Amino acid sequence: MKHFKIKEKSSECRARTGVLKTIHGDILTPTFMPVATQASVKAVSQNDLKMINTQCLLSNTYHLYLRPGLEILKKFKGIHGFMNHNGPVLTDSGGFQVYSLSKLRKITENGVHFRSHIDGSSHFFTPEKVIDYQSAINSDIWTILDVCVKNPSSHREAKEALRKTKKWAEKAAEHFLKVSKENKPSKKHLLFGILQGSVYADLREEACAHMKTLPVDGFCIGGLAVGESKTQMLDMIKVTVNKLPTDRPVYFMGLGSPEDIWNAIEQGVDMFDCVLPTRNARNGQALTSQGKIYIKNAPFRNDNSPLDPDCDCETCKNYSKAYLSHLYRAGELLSSRLISIHNLRFLIKQTEIIKKAIADDNFKQKKKDFFDSYFRSSR
Ligand SMILES: [Zn+2]
């Protein structure tokens, strides 16, 4: 594939490094994408994102469409101008948000009617409209509207959702080609298809067999990390990656614990996102190479060491746990910013450590080193 080049492959597992070319620059994979749902990574500035070596941001069609609205984004020629971000941006189609946030959702053969979670207004998303919306947002990587199901779901419910998802994917891919021709961009936007199928191996295989017949530039594993067991999740990753062509990137939607990222990369996944590193940061939880810590815990009140001695972020270079503990206890806003920067950097750095392990072909040993250190003690 012209837009995705694999650089190195592990001889021990399916892990690989690659370069994904987008309009706003190259994404070095594997990568973790900070989540900018509403055109903002919560509590973190553009400069902060550069400092932590962000490769790509994730934003969301559902949220941007409702607020600020596409007309405002068009005035800025899209999300990059609006939020002053000049790196790659991937947008989620909004299928999951329509499912999880909106009221009175009604799915028809052609799309989904829903009411806004903000003001109750009525809207109708179709696979074609969602392509047009992402054209207005002008993100680098677009995704296809899908039908999400609750977890657990019966095989019958998951099969019906997959039937619609497949039909919508065909419509979206066709419309994407039309829009791409009309826009005539100097560099092409990329389209990723979303794979559904809940925890049923036969449905996941059916989703892959169908999606690989469409002209998509990458594959998103959707509908997992939603409450199923870790074993089920890993089994579904294996089933999926086994059935996909290896020439395009694979993005696991909504996965963001460091141990899950190591496990998924081992199975051949290339891209990740998750709101937890920033959400947990606002609740005083930090990820460190020695495990998770809760900064409000008593021992940290007079601890003059950084959050993580192995970290190179602004927070760890400049501030002690004692100061961060004080900020958190005092309800100071700076606490959210500093711990968010650290948690994002921690995950991005994990992907850098993993890239090196793949290049050095010692993935299994480095994975063991990480697990031994991360789970050595729980504090
Ligand atoms: Zn740090």
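**Exercise 1. Two zinc ligands and their surroundings**

Task: In this predicted model, are C316 and H342 buried or exposed, and which parts of the chain do they tie together?

Solution:
- Step 1. Start with accessibility: C316 and H342 are both buried, since buried stands for under 20% relative accessible area.
- Step 2. Now look at what they bind. The zinc ion takes its protein donors from C311 (SG), C313 (SG), C316 (SG) and H342 (ND1), at 2.1 to 2.3 Å.
- Step 3. Place the pair in the fold. C316 belongs to helix α12 (residues 314-318) and H342 to helix α14 (residues 333-359), so the two tie together parts that are 26 residues apart in sequence.

**Exercise 2. Geometry of the zinc site**

Task: Which geometry does the site of the zinc ion have, and what spacing do its donors follow along the chain?

Solution:
- Step 1. Recall the ideal: four tetrahedral donors would make angles of 109.5 degrees.
- Step 2. Check the model: the angles among the four donor atoms of the zinc ion run from 97 to 120°.
- Step 3. Apply the cut-off. Four donors count as tetrahedral if all angles lie between 85 and 135 degrees, and the zinc site is indeed tetrahedral.
- Step 4. Read the donors along the chain, and you find the pattern C-x1-C-x2-C-x25-H.

**Exercise 3. A partner for α14**

Task: How do helix α10 and α14 pack, and which residues meet?

Solution:
- Step 1. Take the axes: those of α10 (residues 258-266) and α14 are 10 Å apart, at an angle of about 30°.
- Step 2. Classify the angle. Because angles under 35 degrees count as roughly parallel, α10 is roughly parallel to α14.
- Step 3. Add the handedness: α10 and α14 cross in a right-handed way.
- Step 4. List the contacts. From α10 come P258, I261, W262 and I265; on the α14 side they meet F346, L347, Q350, I353, I354 and I358.
- Step 5. Think about the spacing within a helix. With 3.6 residues a turn in an α-helix, residues three or four places apart point the same way.

**Exercise 4. Unusual backbone spots**

Task: Where are the cis peptide bonds before P68 and P152, and which places do A39 and N138 take?

Solution:
- Step 1. Keep the usual case in mind: most peptide bonds are trans, and most residues other than glycine have a negative phi.
- Step 2. Go to the prolines. The bond from R67 to P68 is cis, with omega near 15°, and P68 sits in the loop between α2 (61-66) and α3 (70-75).
- Step 3. The bond joining N151 and P152 is also cis, with omega about 0°. P152 is in the loop between β10 (141-143) and α7 (155-183).
- Step 4. Turn to phi. A39 is not a glycine, yet its phi is positive, about 60°. Its loop runs between β4 (31-33) and α1 (46-51), and A39 is buried at a relative accessible area of 11%.
- Step 5. N138, another residue that is not a glycine, has a positive phi of about 60°. You will find N138 in the loop between α6 (127-137) and β10, where its relative accessibility of 25% makes it partly exposed.
- Step 6. Look back at the helix just before N138. Buried residues of α6 include P127, V130, I131, Y133 and Q134.

Notes. Residues are numbered from 1 along each chain as its sequence is written. This is a predicted model: local features need pLDDT of at least 70, side-chain atom pairs count only at pLDDT 80 or more; totals for chains, interfaces and linings use all residues. Side-chain values use heavy atoms; hydrogens and water are left out. Donors are N, O and S atoms within 2.8 Å of the metal (3.2 Å for Na, K and Ca); water is not among the atoms, so sites may look incomplete. Four donors count as tetrahedral if all angles lie between 85 and 135 degrees; four count as square planar and six as octahedral if opposite donors are over 155 degrees apart and all others between 65 and 115; anything else is irregular. Helices (H or I, at least four residues) and strands (E, at least two) are DSSP runs, numbered from the N terminus. Buried means under 20% relative accessible area, exposed over 50%, partly exposed in between (1.4 Å probe, protein chains only). Axes are lines fitted to C-alpha atoms, for helices over the stretch in contact, and angles run from 0 to 180 degrees between N-to-C directions. Angles under 35 degrees count as roughly parallel, over 145 as roughly antiparallel, 65 to 115 as roughly perpendicular and the rest as oblique. A crossing is left-handed if the near helix is turned anticlockwise from the far one by less than a right angle, and right-handed if clockwise. Contact means heavy atoms within 4.5 Å.
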